[in-house]
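Open the model in your viewer and switch to a cartoon view. This tour moves from stop to stop, with a selection to make at each.

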Amino acid sequence: MPITRIFRLAPLLLLLFLVAGCKPEGKRPVVKIGYMLCNSEEETMARFLPLTRYLSEQCGVDFVAVPVDTHDFEKRFKAGEFTFTHSNSLIYIVLRENHGVELVASEKRGKFGSRSVGALIARKGSGIEKLDDIRGKRLAFGPMLAPTGYLAEYDLMLSAGINPEHDLATYSIPPGSFKHEKLIYGVLYGQYDVAAAPALDLEIMAREGKISPDDFVILAQSKPIPYCTFGVAKGTDPALVKKVKEALLALKPTDTAEVEGERLKVLKAAWIDGYEELSDSDYDPIREMAKRVNMPPYQKY
């Protein structure tokens, strides 16, 4: 290129350099949030991207959503792949006991708010009317690390003197995603005699017109225990943790965040009603259940 042309372009090149240097991208800290997968990565990201963007807007950092399989959650947290955690309450306890994760806020959804209930159900008219009737029957659990789809119901049976390992004909876990819905439908249409169903899923499926509560018998029901939970790695900047906590607790149904050019309602997208402040001791009933059922983080071989 002739030297005279370079001199003519120099002001333009300088301007482009200055503009590029003023880009806000990369200026703010980047902090990752690990979201436990519910049914699929696609569904989880669709639910929680608006919440992630909302937190970025409120807290002055660029949060990044990281979808994480339930069974990989502890391993990936330990590897430092994310700082904040969004998981079910049993995974929170595992992270708390093994890695010192601190409680930020507890999610609210359905009639039990920040708590949920596990239930053992049978189809009405099946002849199974009380918990003792499930001996010798086919039972379906939800995911193995589900507090109200496995842990609570397993504990209910042990407390009633029923050992699921010996006193049932079979027990199984439905394959693939939407396990809670599958086992409820499985009882309704005769694939299973009994199911370990979260009361929240029964409530939502009835509200959506998928089932009628009158079709089922509740054989036993656990006490309410904390639902999904936001946690944070110990040692995280206390000022940032405070901002995140305040932003979660302040969330209203009308709050929105921008995702791909569209303003979305944060709570509606996430299928939640809001957040509540609980204390770590509120999770003690889950700890006691996990000890009785011999599950993580207290499992003994």
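**Stop 1: the six-stranded sheet and its helices**

Select helix 2 first. Helix 2 lies across strand 1, strand 2, strand 3, strand 12 and strand 15. Against strand 2, helix 2 runs at about 160 degrees. Now add helix 8, which also packs on the sheet. Helix 8 touches strand 1, strand 2, strand 3, strand 4 (102-108), strand 12 and strand 15. The direction of helix 8 makes about 10 degrees with that of strand 4. Keep in mind throughout that this is a predicted model.

Next, colour the strands beneath. The sheet is open, with six strands in the order 2-1-3-12-4-15 and mixed pairing. Its edge strands are strand 2 (62-68) and strand 15 (274-276), each pairing on one side only. From one strand to the next, the twist averages 25 degrees.

Zoom in on strand 1 and strand 3 (residues 84-87). These two run parallel and are joined by three bridges. Pick Ile33: its bridge partner in strand 3 is Phe84.

**Stop 2: helix 2 against helix 8**

Hide the strands and keep residues 41-59 (helix 2) and 238-249 (helix 8). How do the axes of these two helices cross? They come within 10 Å and cross at roughly 125 degrees. That angle makes helix 2 oblique to helix 8. The crossing is right-handed.

Show side chains at the contact. From helix 2, select Leu51, Tyr54, Leu55, Gln58 and Cys59. From helix 8, select Leu240, Lys243, Val244, Ala247 and Leu248. By class, the residues of this contact divide into eight nonpolar, one polar and one charged.

**Stop 3: an aromatic pair**

The model holds twelve aromatic pairs. For one of them, select Tyr35 and Phe230, an edge-to-face pair. Their rings lie 6.3 Å centre to centre, with 85 degrees between the planes. The pair links distant parts of the chain, as Tyr35 is in strand 1 (residues 30-36) and Phe230 in strand 12 (residues 229-232), 195 residues apart.

**Stop 4: the five-stranded sheet**

Move to the open sheet with strand order 8-7-9-6-10, which has five strands and mixed pairing. Which strands stand at the edges? They are strand 8 (170-172) and strand 10 (216-221). Each has a single partner strand, so one side of each is left without a neighbour in the sheet. Neighbouring strands here are turned by 25 degrees against each other on average, direction ignored.

Select strand 7 (residues 138-140) together with strand 8. They run parallel, joined by three bridges. Within this pairing, Ala140 stands opposite Ser172 in strand 8.

Bring in the helices on this sheet. Helix 5 (residues 147-159) lies across strand 6 (118-123), strand 7, strand 9 (194-198) and strand 10. To strand 6, helix 5 runs at about 80 degrees. Helix 7 (residues 199-207) packs on the sheet too, touching strand 6, strand 9 and strand 10. The direction of helix 7 makes about 85 degrees with that of strand 9.

**Stop 5: helix 10 and its two partners**

Keep helix 5 and add helix 10 (residues 284-293). Their axes come within 9 Å and cross at roughly 60 degrees. The two helices are therefore oblique to each other. Their crossing is left-handed.

Turn on the side chains here. Leu151, Ala152, Tyr154, Asp155 and Leu158 of helix 5 meet Ile286, Met289, Ala290, Arg292 and Val293 of helix 10. This contact has eight nonpolar, no polar and two charged residues.

Now swap helix 5 for helix 4 (residues 89-99). Helix 4 packs with helix 10 at an angle of about 85 degrees, their axes 10 Å apart. That makes helix 4 roughly perpendicular to helix 10. Ser89, Leu90, Ile93, Arg96 and Glu97 of helix 4 make the contact with Ile286, Arg287 and Ala290 of helix 10. The classes here are four nonpolar, one polar and three charged.

**Stop 6: a hairpin**

Finish at strand 13 (residues 256-259) and strand 14 (residues 262-265). Four bridges join them, and they run antiparallel. Val259 has Glu262 as its bridge partner in strand 14. The two strands form a hairpin with two residues between them. Select Glu260 in the turn: its phi is positive, at about 50 degrees.

Technical notes
Residues are numbered from 1 along each chain as its sequence is written. This is a predicted model: local features need pLDDT of at least 70, side-chain atom pairs count only at pLDDT 80 or more; totals for chains, interfaces and linings use all residues. Side-chain values use heavy atoms; hydrogens and water are left out. Axes are lines fitted to C-alpha atoms, for helices over the stretch in contact, and angles run from 0 to 180 degrees between N-to-C directions. Angles under 35 degrees count as roughly parallel, over 145 as roughly antiparallel, 65 to 115 as roughly perpendicular and the rest as oblique. A crossing is left-handed if the near helix is turned anticlockwise from the far one by less than a right angle, and right-handed if clockwise. Contact means heavy atoms within 4.5 Å. Ala, Val, Leu, Ile, Met, Phe, Trp, Tyr, Cys and Pro count as nonpolar, Asp, Glu, Lys and Arg as charged, and the others, Gly among them, as polar. Two strands pair if DSSP finds at least two bridges between them. Rings of Phe, Tyr and Trp (its six-membered ring) pair if their centres lie within 6.5 Å; planes under 30 degrees apart count as stacked, over 60 as edge-to-face and the rest as tilted.
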